[in-house]
Amino acid sequence: MVQRAFSATGKALLAGGYLVLDPKYEAFVIALSARMYALNSVFESEAETRLCRITVNSPQFMNGSWSYTLDLDGLKSAGLAYPIVEKEGKRNPFIESTILVTVGYALEKDVLNEKTKAKDIHITIFSDPEYHSQLNSVRKESTNRSKQFLYHNKEITQVNKTGLGSSAGLVTSLTASLLSALFADFDIAQSSLNWKERVHNLAQVSHCKAQGKIGSGFDVASATFGSIIYQRFSPQLIHSVLDAVSDTNAKLVDLIDNQDWNMKHELCSMPPGIRLLMGDVIGGSETPKLVTKVQNWRKEKPEYSYKVWTELNSSNMRLVEALRKMDKLSETDKVRYSYLLNELAKNSDEDIASSPDLAELNQIGCAIKDIRKYLKIMTEETGAEIEPFEQTELLNAATNIKGVLGGVVPGAGGYDAICLLVSSEKLPQIFQDTSSNPSFGHVRWMNLAEQRDGLIEESYSNFAGLI
Ligand SMILES: Nc1ncnc2c1ncn2[C@@H]1O[C@H](COP(=O)(O)OP(=O)(O)O)[C@@H](O)[C@H]1O
Ligand SMILES: C[C@@](O)(CCOP(=O)(O)OP(=O)(O)O)CC(=O)O
């Protein structure tokens, strides 16, 4: 029996929400330390059979188990139209789509053919605490205490989410886990084998199939590649497979292995000593409705909306460049960099803006202010609650705190969370300052840090005691 474990990261879209839907624009996505894990145990089927059994367990949630028996010959001929059915009729579109796409890819690559024995694949999913509401949950930890997860007395669909991209993380880690069960040479550490790119491509197809729509894909890209500057692929690439009526697995293999996705995922992380602080405001927003309102505005006011988006994109890119400049300074002028970090810890954004010798910090703060200015215009113009009044008040209050460079509503905005850029050194003081400030009474600071890498292989033994 072979056992392997993989994990993928959560996300915060710091700059580029909405614009990233258009391939013309780039976005800055921060990968977060909240991870989705997929552990597999693979058994060779005893009997000579063309049936492959896949069971996915998610022990943190009630009824969190989904079992499928795949007729491999039927799947090979039907492709993505294969009627995948859970043993008890339960549904989990993200698990179903990931199995169909990944096993379909393997079959077309002549894995699981008549000469090989079919497999029984058992997969266990875990999700780190910050993905979901912590109410009414029990914390359990692995034997070596390296992993801790929350166990809920509700089904996954009944537990409130915090908008960190659980489905993208699930699909990405599950894709990697299934591929490692099906391909003997699967190794995401060997870049020459190109497995990480193939996980990304397959996960994008699975995620879009499960959602029934094609978003920008920033969440799956970040779950795979980590903190990145992201520019999307053409939706037509995914449509060419999902809309196909025949030979879908052959078209899938061509898309995954041969097509140029013409996208960007360039590693980009925060400068040392400056970190993200995510505040959950226990609200929530329906992204598709917000996107529809913005798209309607773009159609109704093409010239004006193009002007606003051009300015917003310029502000987004100025933030990226200002952070990159700080990152480079941390390597080329450590004395200056240390001075700037010290001044950040002692000053609020307003103090920094009025200090002529803190230009590098002020460039970050000004870019954030401009991003918020244009998101506010979009909020007022579209009627979509991108940066609604309550979030404006909260972000303004946060920006007045010493050690805070500024903050935005991430992604589509709304009431999911706020994202602050803060001095790492000042974090304890920021917690203390906000704990007694009524403006932050409804904010839960999340236990999240930036992750450079997205998809990684985990040590299976770290989960002993939980499976
Ligand atoms: N730990 C998990 N185990 C099983 N399925 C999960 C898990 N986490 C997420 N999912 C699947 O992803 C869905 C949530 O996806 P979505 O609504 O897009 O939220 P998010 O914005 O967090 O991705 C759940 O309803 C479930 O189908
Ligand atoms: C609007 C978007 O550009 C960004 C949405 O970012 P969020 O992080 O808000 O997404 P959810 O996972 O739905 O909460 C849509 C897209 O890029 O697909």
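# A guided tour of two ligand sites and two buried residues

Begin by selecting N362, which is found in helix α12, residues 359-382. The structure on screen is a predicted model. With the surface displayed, consider whether this asparagine is buried or exposed. N362 has a relative accessible area of 18%, under the 20% limit, and therefore counts as buried. To see what N362 touches, display I352 and A353, the residues in contact once those up to four places away in sequence are set aside.

**Ligand 2**

Next, select ligand 2 together with its surroundings. The shell holds 14 residues, of which K11, Y18, S216, T287 and A412 come nearest. Three side chains deserve individual inspection.

- K11: a polar atom of this side chain lies 2.6 Å from an oxygen atom of ligand 2.
- S216: an N or O atom in the side chain is 2.6 Å from an oxygen atom of ligand 2.
- T287: here the separation between a side-chain N or O atom and an oxygen atom of ligand 2 is 2.8 Å.

Switching to a surface view shows the extent of the enclosure: ligand 2 has 460 Å² of accessible area on its own, and the protein covers 83% of it. Then colour the secondary structure. Strand β1 (2-15) and helix α8 (287-300) each supply at least two residues of this shell. Colouring the shell by residue class gives seven nonpolar, five polar and two charged residues.

**Ligand 1**

Move now to ligand 1 and select the residues around it. There are 15 of them, and the closest are S58, N92, K161, S166 and S167. Which atoms of ligand 1 face the side chains of S58 and N92? In both cases the partner is a nitrogen atom of the ligand: an N or O atom in the S58 side chain is 2.9 Å from such an atom, and for the N92 side chain the corresponding distance is 3.2 Å. K161 offers a contact to an oxygen atom of ligand 1, with a polar side-chain atom 2.8 Å away. Taken alone, ligand 1 has 580 Å² of accessible area, and 84% of this is covered by the protein.

Which elements should be highlighted around ligand 1? Strand β5 (119-127) and helix α3 (166-182) each supply at least two residues of the shell. Helix α3 gives the most, with three residues. By class, the shell around ligand 1 divides into seven nonpolar residues, seven polar and one charged.

**The annotated segment**

Select residues 160-226. An unreviewed UniProt entry lists this range as "domain: GHMP kinase N-terminal". Over these residues the chain is 63% helix and 0% strand. A distance drawn between the C-alpha atoms at the two ends of the segment reads 25 Å.

**F183**

The final stop is F183, located in the loop between α3 and α4 (195-211). Why is F183 classed as buried? Its relative accessible area is 8%, and buried means under 20%, so F183 meets the criterion. Show its contacts, leaving aside neighbours within four places in sequence: they are Y105, A106, K109, V111 and W195. To close, draw a line between the C-alpha atoms of F183 and K109. These two residues are 74 positions apart in sequence, and their C-alpha atoms are 9.8 Å apart in space.

Terms used: Residues are numbered from 1 along each chain as its sequence is written. Chains are lettered from A and ligands numbered from 1 in the order in which they are written. This is a predicted model: local features need pLDDT of at least 70, side-chain atom pairs count only at pLDDT 80 or more; totals for chains, interfaces and linings use all residues. Side-chain values use heavy atoms; hydrogens and water are left out. A residue is near a molecule or strand if one of its heavy atoms lies within 4 Å of it. A polar contact is a pair of N or O atoms within 3.5 Å; within protein, one must be able to donate a hydrogen and the other to accept it, and residues adjacent in sequence count only if both atoms are side-chain atoms. Accessible areas come from the Shrake-Rupley method with a 1.4 Å probe; for residues, only the protein chains shown count as cover. Helices (H or I, at least four residues) and strands (E, at least two) are DSSP runs, numbered from the N terminus. Ala, Val, Leu, Ile, Met, Phe, Trp, Tyr, Cys and Pro count as nonpolar, Asp, Glu, Lys and Arg as charged, and the others, Gly among them, as polar. Buried means under 20% relative accessible area, exposed over 50%, partly exposed in between (1.4 Å probe, protein chains only). Contact means heavy atoms within 4.5 Å. UniProt positions are given in the numbering used here, feature names are shortened, and annotations may be inferred rather than shown by experiment.
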